[in-house]
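User: Hi! I'm new to reading structures, and I'd like to know how the descriptive words are chosen. Could you walk me through some of them?

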Amino acid sequence: MLLRNIYTKAIRDNRAGILGWGLGIAALMGIGASQYGQIIGNTPEERRRLAAEAAKAFESFSFLIGDIVGLDTMGGFITTRVMGFIPVMIAFWAIVLAVGALRGEEQHGSMDVLIAAPLSRWTLSLQKLGAVLTAVLVVCALAGLGLWLGVLATNEELAVADIAVGMLNVFVMSAFWAGAALLISQFVAIRRTASSIAGGLMIGTFLVNNLLSSNEDLEWVAWLMPFHWYSVSKPMAPGFGMDWTAFAIMSAAAVIVTLAALWIFVRRDVGASFTAISSSSRRPARGGSTLLLGSVFGKSIRDLVWPTVWWAVGLGVYAVMILGTVNDVLEPMRDILSNLGWMAAIVGNLATPAAFLGYSLFTFLPVLLAVYAITQVNSWTDDEEEGRLELLGAMPMPRLMLLVPRYVALTLSMLAIMAVLYVVIALAVPAFNVTLDTGVVAQALLAAVPLGLVVAAFGLLVATWLERPGVAVPITI
């Protein structure tokens, strides 16, 4: 039924991811709404007092969650509590989906079949794009539904129209990053590389926008960040509303980057990356290095070198940002916790550098390593679906040796990331005059690794069990 055209076939292929991400984020939205009464209280007087005190606590983490608005209403609480990071999650999925729509098909070889059909490249690419945007729209709709159900469960008031406009804002932001990922994938021949670059840019600009927005002298630079045009609209928060000018600017940016990506796609060779340099001026091809290509383990290590470097650098920069704010945050945090005993009961005592680092870094670190593991599960499934595993399978070696070396290489990669992160933290502690036991830091870093390894093992198990290994990725997510 859904195989009549490219658009419906693409929707069918991604139905597991749509339901998985949509229902998962819907649950997060509902849980976020249910926390309102627990944190802010019930009576008007209690809400005003606790909202003012909670705002001070949330302000300490503005570089992670964005602007802080009035917490004494459900709309303001939701805007502060979940609408800062939910767009990042949906945009991340949109990036993976968009890169796979064209570049993924090219890597699989299935794009050759589609190109051979009596369709123009514009028609093909527009149908693929339509499927991506439809999938993202469905996820946003399910997230809005989850929020609405969560609000109903708390007997609070939040207009359905405000929820709808808020999720529309999320959709346009996600559509922009989907278009940006499509554009990046035109210049990069490997899907995984394109997704990594686009995802890194998305998360990096999100953090930079939050940091710049809290600095009056540099706030004007935030206008260059895509997330600025999302964050200025707060339709659920009373007194803010939707900034339709910013919405129009973000929509126009999404259209521009998407059309640029499609324009390049219809003019380049299938399977190749776009370059402005003509082939006649290129240097003759030379043989590549054969370093570490003597075994499955060596090849796995070689493939993980650059992902390891970039993840280590990214997490190291993030840790430096956290440590740079510790001393500025701790003094007001101690005052808040002394007057707000319930906050310490929920998040713990954040009045020490170790506790603050634990909450702001180590709470998210296992999740980030799980994301890293999922990218490797995606790599494993690509190898099987694209036929590269058949060559190794024909070699005189046990099947077990096709999997175990790759898993061991991933384990070493995670340990290397944690080692680099430890060195960065150890060097940053005296530089920022922070009192911190580096031995405890080492233990915390090691404790974050097992979750990533469990996620990788689960994804590998599902990939080897299913007839279509690629389905393991959305299931693992």
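User: Which residues of helix 1 and helix 9 meet?

Analyst: Happy to help! This is a predicted model, where local features need pLDDT of at least 70, side-chain atom pairs count only at pLDDT 80 or more, and totals for chains, interfaces and linings use all residues. Residues are numbered from 1 along each chain as its sequence is written, and side-chain values use heavy atoms, leaving out hydrogens and water. From helix 1, Ile6, Tyr7, Ala10 and Ile11 meet Leu124, Gln127, Lys128, Gly130, Ala131, Thr134 and Ala135 of helix 9; contact means heavy atoms within 4.5 Å.

User: Why are helix 1 and helix 9 called oblique to each other?

Analyst: Their axes cross at roughly 40 degrees. Angles under 35 degrees count as roughly parallel, over 145 as roughly antiparallel, 65 to 115 as roughly perpendicular, and the rest as oblique. Helix 1 and helix 9 are therefore oblique.

User: What makes helix 7 roughly antiparallel to helix 11?

Analyst: The axes of helix 7 (residues 86-108) and helix 11 (residues 191-213) come within 9 Å and cross at roughly 160 degrees. That angle makes the pair roughly antiparallel. Among the residues making this contact are Phe92 and Arg103 of helix 7, and Met202 and Phe206 of helix 11.

User: Which way is the crossing of helix 7 and helix 11, left-handed or right-handed?

Analyst: Helix 7 passes helix 11 in a right-handed crossing, meaning that the near helix is turned clockwise from the far one by less than a right angle.

Note on methods: Axes fitted to C-alpha atoms, helices over the stretch in contact; angles between N-to-C directions. Helix = DSSP H or I, 4+ residues; strand = E, 2+ residues; numbered from the N terminus.
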